[in-house]
Amino acid sequence: MHVNELLTEENIEEQAWKALEQSILYYQGRPIGTVAAYDASVEALNYDQCFIRDFVSSALIFLIKGRTDIVRNFLEETLKLQPKERQLDAYKPGKGLIPASFKVISLNGQEYLEADFGEHAIARVTPVDSCLWWIILLRAYVIATKDFSIVYKPEFQNGIRLIMEICLANRFDMYPTLLVPDGACMIDRRLGIYGHPLEIQVLFYTALRAAREMLICNGNQDIVAAIDNRLPLLCAHIRQHYWIDIYRLNAIYRFKSEEYGKTAVNLFNIYVDSLPYYELDKWLPRKGGYLAGNVGPSQLDTRFFSLGNLMAIISDLATEEQSQAIMTLIEERWDDLVGDMPMKICFPALEHEEYRIVTGCDPKNIPWSYHNAGSWPVLMWMLAAASVKTNKTGLARKAIEIAQARLGEDEWPEYYDGKKGRLIGKQARKYQTWTITGYLLAKELIANPSYLPLVSFDELPPEAISRACEFEIGSVDPYMS
Ligand code: GLC
C-alpha cells in the first residue's frame with residue numbers, strides 16, 4: 001500500500017503545522033522568523049537562514065492564527081539590519097536595502113544576527129524584492145492587529161522612507177517601472193529577467209500602495225507626493241504595455257518598426273520576429289490574457305510568470321477585466337500552468353540554445369526545472385488569493401486537492417520538475433517552509449475569504465491621490481479603512 005493512502009487530509013495538515021513549528025528560528029529566546037528549509041539530509045548552504053520573501057507566507061499564516069509576536073519581532077529585527085547611512089564602499093549594501101536573508105550566530109555566548117544582502121549569495125545577486133515584501137508585510141501586520149502604533153514609530157517611518165528613497169531615486173531610465181538586474185527576486189539566478197521584470201514591478205506597485213497608506217505626511221511630503229505621482233503612471237504603463245491577449249497580439253503582429261518621435265505606435269520598437277507569435281496564436285485562449293514577463297527597448301518577454309500575474313490581481317494592479325482574463329487563461333491552460341503540481345513559476349521553459357545563452361548553461365535551471373518552468377507549491381497561496389478576489393475559488397480548490405495528494409508524502413519539496421510537474425525537483429530541499437505555508441495559507445484563504453484584505457487592495461482611489469498630505473499622526477488613515 002502506498003503511504004499516501006494512509007494520510008488523510010487532517011494528517012497532512014497536522015504534519016504541515018508540525019513542520020512549520022520546527023522551522024521557527026529563535027533569537028535571544030524570541031521567535032523571529034522561519035528557516036527556508038529544515039532538511040537535515042543535504043548540506044544546508046543558506047537554507048538554514050530566514051529569507052525575507054520566504055517568510056511572507058509564514059508570517060501571513062501566523063497573523064491569521066493570532067501569533068502576531070513572531071511577525072512583529074521579525075519586522076523589528078529586520079528593520080535594524082537595514083543600512084541607515086550612505087555607504088562609501090561600493091561593495092557594501094546601499095542605504096535602505098533590506099537583506100535577502102539572515103541567520104542567528106553565536107559568538108562568545110552572545111547571539112547576533114548576520115544579514116546577507118547578496119554579498120554571500122550565489123552569483124552575488126541583489127535582492128530588490130526584500131524591501132518591497134517587507135513593506136507589504138508591515139501593512140498586513142497592521143491590518144491583522146489593528147495596531148497602527150508600530151507604523152507611527154519614528155524608526156519604522158524612517159525605514160519605509162529609506163526604502164521609498166531607493167525605489168524612487170532618479171536613475172538612467174525614463175519608465176515608471178523599476179530597472180533591476182537579473183535574479184533580483186524569487187528567481188534569484190540568471191534567467192533573462194533583467195530590465196523591468198513583471199514580478200518586481202507588481203511588488204513595487206503593491207509596496208507603493210502600502211507605503212502610501214502608512215507614511216505620515218508630516219515630514220514626508222516629498223516622498224508622498226512622489227508616490228502619488230508614480231502610482232498612476234506605473235499602473236497605466238503595466239496595464240497597457242505588458243498586456244497580451246489575442247487582440248493585442250494581433251496589433252503587435254502588424255506593428256511597424258523604427259518609428260521615431262511622438263506619433264510612434266510601437267513605442268518600444270518591438271520586432272515581431274522576436275516573438276513566438278505562432279505558438280502564442282495557438283496558446284492564447286479567445287478570452288484569456290496575461291501580463292508579459294518584461295518590457296523594454298526592443299524587448300517583450302512573452303513568458304507567463306505566475307507570481308507577477310497573481311500578485312497583479314491581488315494588488316488590483318490588473319483591471320477587473322484583465323484579472324478575469326488571467327484566471328481564464330489559467331483555467332484554459334491548466335495542464336501547462338498547473339498540471340500535476342500547482343503551479344509553474346513561468347511558462348514555457350527556455351530550451352536549447354536559448355537556455356544556454358540566457359541562463360549561462362545553468363545546470364539547475366535546465367528546461368522544465370527549478371526557475372526555468374519548474375512548479376513551486378508556494379505559489380498556491382497566491383493562486384488562492386487571486387481566486388478569492390476574482391470569485392473563482394473552484395480553481396484554487398482544485399489546485400489544493402492536486403497538491404494535497406502529494407506534498408505530505410513527498411515531504412514538502414521546494415519545487416517539482418517536468419512539463420506536468422510530476423518529478424520532485426532534482427535539487428529540491430525537503431521540508432521547505434514556504435511549500436508548507438503555501439499549502440496551509442491557500443487552505444485558510446479558501447476557507448475564510450475575509451483574510452484576503454491582509455494582502456489585497458481595492459481600486460486605486462482617485463481622491464486618495466489628490467488628498468495627499470491630509471493624514472496626520474494619530475488620525476484614522478483614510479487609506480487603511
Ligand atoms: C532559492 C530560491 C529563492 C528562495 C531561496 C530560499 O534561492 O530561488 O527564491 O528565497 O531559495 O528558499
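**How many helices and strands does the chain have?** Keep in mind that this is a predicted model.

**Exercise 1. Get the overall picture of the fold.**

Task: count the secondary structure, then judge how compact the chain is.

Solution.
- Step 1: the count is 19 helices and 11 strands.
- Step 2: the radius of gyration is 22 Å, close to the 23 Å that the globule rule gives for 481 residues, so the chain is as compact as a globular protein of that length.
- Step 3: lay the C-alpha trace along its principal axes, and you get a span of about 65 × 65 × 45 Å.
- Step 4: go inside, and 59% of the 481 residues count as buried.
- Step 5: look at who meets whom. Take the contacts between residues at least 6 apart in sequence: 70% of them join residues at least 24 apart.
- Step 6: finish with the outside. The accessible surface comes to about 20,600 Å², with 53% of it belonging to carbon and sulfur atoms.

**Exercise 2. Describe the ligand's surroundings.**

Task: list the residues around the ligand, sort them by class, and pick out polar contacts.

Solution.
- Step 1: walk along the sequence. The residues around the ligand are Ala36, Tyr47, Phe51, Arg53, Asp54, Met186, Asp188, Tyr370, His371, Glu414, Gln432 and Trp434.
- Step 2: sort that shell by class, and it splits into 6 nonpolar, 2 polar and 4 charged residues.
- Step 3: for the polar contacts, the cut-off to use is 3.5 Å between N or O atoms. A polar backbone atom of Met186 sits 2.7 Å from a ligand oxygen. In the side chain of Gln432, an N or O atom is 2.9 Å from an oxygen of the ligand. For the side chain of Tyr370, the corresponding distance to a ligand oxygen is 3.3 Å.
- Step 4: ask how covered the ligand is. On its own it exposes 300 Å², and the protein buries 94% of that.

**Exercise 3. Track down the unusual backbone spots.**

Task: find cis peptide bonds and positive phi values outside glycine, and place each in the fold.

Solution.
- Step 1: recall the background. Most residues other than glycine have a negative phi, and most peptide bonds are trans.
- Step 2: take the bond between Pro342 and Met343. It is cis, with omega about -10 degrees, and Met343 is in the loop between helix 14 (334–337) and strand 9 (346–347).
- Step 3: move on to Phe347 and Pro348, which are also joined by a cis peptide bond, omega again about -10 degrees. Pro348 belongs to the loop between strand 9 and helix 15 (352–359).
- Step 4: check Asp316, whose phi is positive, near 70 degrees. Its loop runs between helix 12 (306–314) and helix 13 (320–332). Asp316 has 14% relative accessibility, so with the cut-off at under 20% it counts as buried.
- Step 5: check Tyr431, where phi is near 50 degrees. Tyr431 is in the loop between strand 11 (423–424) and helix 18 (433–447). Its relative accessible area is 26%, so it is partly exposed.

**Exercise 4. Examine three buried loop residues.**

Task: for Thr177, Asn372 and Cys217, work out whether each is buried or exposed, and say what surrounds or separates them.

Solution.
- Step 1: Thr177 lies in the loop between helix 7 (154–168) and helix 8 (198–214). With a relative accessible area of 1%, Thr177 is buried. Leaving aside neighbours within four places in sequence, its contacts include His196, Gln201, Arg230 and Tyr242.
- Step 2: Asn372 is in the loop between helix 15 and helix 16 (380–389). Its relative accessibility is 0%, so Asn372 is buried. The Asn372 side chain reaches the backbone oxygen of Asn365 at 3.0 Å. Not counting residues up to four places away in sequence, Asn372 touches Asn365 along with others, among them Leu191, Cys346, Tyr355 and Pro367.
- Step 3: Cys217 is in the loop between helix 8 and helix 9 (221–242), and it is buried at a relative accessible area of 1%.
- Step 4: use Pro367, one of the residues that Asn372 touches, as a landmark. Pro367 and Cys217 are 150 residues apart along the chain, and their C-alpha atoms are separated by 48 Å.

Conventions: Residues numbered from 1 in each chain as written. Predicted model: local features only at pLDDT ≥ 70, side-chain atom pairs only at ≥ 80, totals over all residues. Heavy atoms only, no water. Near = heavy atom within 4 Å. Polar contact = N/O pair within 3.5 Å; in protein donor to acceptor, adjacent residues only side chain to side chain. Areas by Shrake-Rupley, 256 points an atom, 1.4 Å probe, with all protein chains shown as cover. Nonpolar A, V, L, I, M, F, W, Y, C, P; charged D, E, K, R; others polar. Helix = DSSP H or I, 4+ residues; strand = E, 2+ residues; numbered from the N terminus. Rg over C-alpha atoms; globule rule 2.2 N^0.38 Å. Buried < 20%, exposed > 50% of the residue type's maximum accessible area, 1.4 Å probe, protein only. Contact = heavy atoms within 4.5 Å.
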